[in-house]
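User: I am new to this structure and would like a close look at a single part of it. Please pick one helix, show how it sits among its surroundings, and keep the explanation friendly.

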Amino acid sequence: METTRVAICSHKGGVGKTTLALNLGLALAQLGHRTTVMELDSQESLAASLLRPGRTMPGLHEVVTGSVTLGEALVATKVPGLSLLPAGHVDPLEAVGFQSLLAQPEGLGPVLEALKGERFVLMDCPSGVGGATLGALGVATHTLIPIQAEPLSLRSVQLVLETMAGVRDRRNPDLELLGLVLMMFDRDADASMEVVRAAWRDFDPEVLFETVVPRSPVYLDASLHGVPVAFMAPGMHPEGRRFQMLAEEILRRLAREEVGHAGPAQSLL
Ligand SMILES: Nc1ncnc2c1ncn2[C@@H]1O[C@H](COP(=O)(O)OP(=O)(O)OP(=O)(O)O)[C@@H](O)[C@H]1O
Ligand SMILES: [Mg+2]
């Protein structure tokens, strides 16, 4: 089966891209789908759990600059089927160069080619539509956009959709929108509820996922420990189940796409 390569991106920062990438990656692997979560952001948020303070580890940066192989940089986790590719160490002065490198087809292209045994590759992009995001959209099959349930968020979704349209025209005509996920929903805040209502009004149910991620301190705690939220309670924290529900929605959507691409199941005559 072909790899579903998902660019997780947003124009706005801090909307939950990394949270979505790590937790969805775990959920997909738990459901039996081999998944690599790849960090394109030199902030190294994803790698936080893997590192002791003051230590660095190689990752995507070292792979694309040729100093280590992908096999050396990929980190197997204790969850069967889940691997992580951290961003690696990027000197702040080289961050722009790293983004430009990722924007070129020869940046991410060979990495994705080498990951073609995976069922899913989730690409955690930095915020904005810089080189890393453009590079990810250039090699992705799908885009997944988290929307923070706060005012002004919907406007920034439009900017990503416009960028996707440009990338489709120039480089990747098959790029599809996997969908939009509402994140950090606070049902006690009127402004948050208003964004959710506006999203339900403005976006097709085929586009907006039913699963909504609430604002909860357990997410912050999990990110401080650098683990998926599911690991925050023995067995599985209930918020981990939420990402399994999102993963199941995604799998159903992809299955419908397959049927769509195969043409109608019946004919009239
Ligand atoms: N549902 C939630 N409830 C509470 N806090 C959350 C939730 N989701 C994410 N957070 C916290 O919000 C912060 C931003 O989340 P995250 O890092 O996932 O966003 P991001 O879009 O990847 O940010 P950046 O643009 O900087 O890469 C983190 O500290 C995270 O722990
Ligand atoms: Mg992030």
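Analyst: The close look below is at helix α5, with the overall picture first and some contrasting residues at the end.

Please keep in mind that this is a predicted model: local features need pLDDT of at least 70 and side-chain atom pairs count only at pLDDT 80 or more, while totals for chains, interfaces and linings use all residues. Residues are numbered from 1 along each chain as its sequence is written, and chains are lettered from A and ligands numbered from 1 in the order in which they are written.

The protein chain holds 10 helices and seven strands; helices (H or I, at least four residues) and strands (E, at least two) are DSSP runs, numbered from the N terminus. Its C-alpha trace extends over about 55 × 50 × 35 Å along the principal axes. Of the 269 residues, 41% are buried. Here a residue is buried if 20 or more other C-beta atoms lie within 10 Å of its own, exposed if 12 or fewer, and partly exposed in between, with C-beta atoms placed from the backbone. Two residues are in contact if those C-beta atoms lie within 7 Å. Among contacts with a separation of 6 or more, 76% join residues 24 or more positions apart.

Now to α5, which covers residues 105-114. Which of its residues are buried? They are Gly 107, Leu 108, Val 111 and Leu 112. These residues cover an arc of only 100 degrees around the axis, so they sit on the same side of α5; the arc is that of the directions from the helix axis to the C-beta atoms. A general point about helices helps here: an α-helix has 3.6 residues a turn, so residues three or four places apart point the same way.

The opposite face of α5, turned away from the buried side, carries Pro 105, Glu 106 and Glu 113, which are exposed. What covers the buried residues of α5? The cover includes the strands β1 (4-8) and β5 (120-124), together with the helices α2, α3 (70-73), α4 and α6.

One of those covering helices, α4 (residues 95-103), has its own buried residues: Phe 98, Gln 99 and Leu 102. Viewed down the axis of α4, they fall within an arc of 100 degrees, so they line one face of that helix. They pack against α5, and also against α2 (60-64) and α6 (131-139). This gives a two-way picture, with α4 among the elements covering the buried residues of α5 and α5 among those that the buried residues of α4 pack against.

Helix α6 appears in both lists of neighbours, and Thr 133 is found in this helix. Is Thr 133 buried or exposed? It is buried, because 29 other C-beta atoms lie within 10 Å. Leaving out residues up to four places away in sequence, Thr 133 touches Cys 9, Cys 125, Pro 126 and Gly 128. Thr 133 and Met 123 are 10 residues apart along the chain, and their C-alpha atoms are separated by 9.0 Å.

A few residues elsewhere round out the picture. Ala 165, in helix α7 (residues 153-170), counts as exposed because it has 11 C-beta neighbours inside 10 Å. Its C-alpha atom is 19 Å from that of Ser 153, 12 residues apart along the chain. Glu 257 belongs to helix α10 and is partly exposed, with 15 other C-beta atoms within 10 Å. From C-alpha to C-alpha, Glu 257 and His 225 are 37 Å apart in space, with their positions 32 residues apart in sequence.

Finally, buried residues also occur in a loop: Met 184 lies between β7 (176-183) and α8 (190-202) and counts as buried, with 23 C-beta neighbours inside 10 Å. Its phi is near 60 degrees, a positive value in a residue other than glycine.
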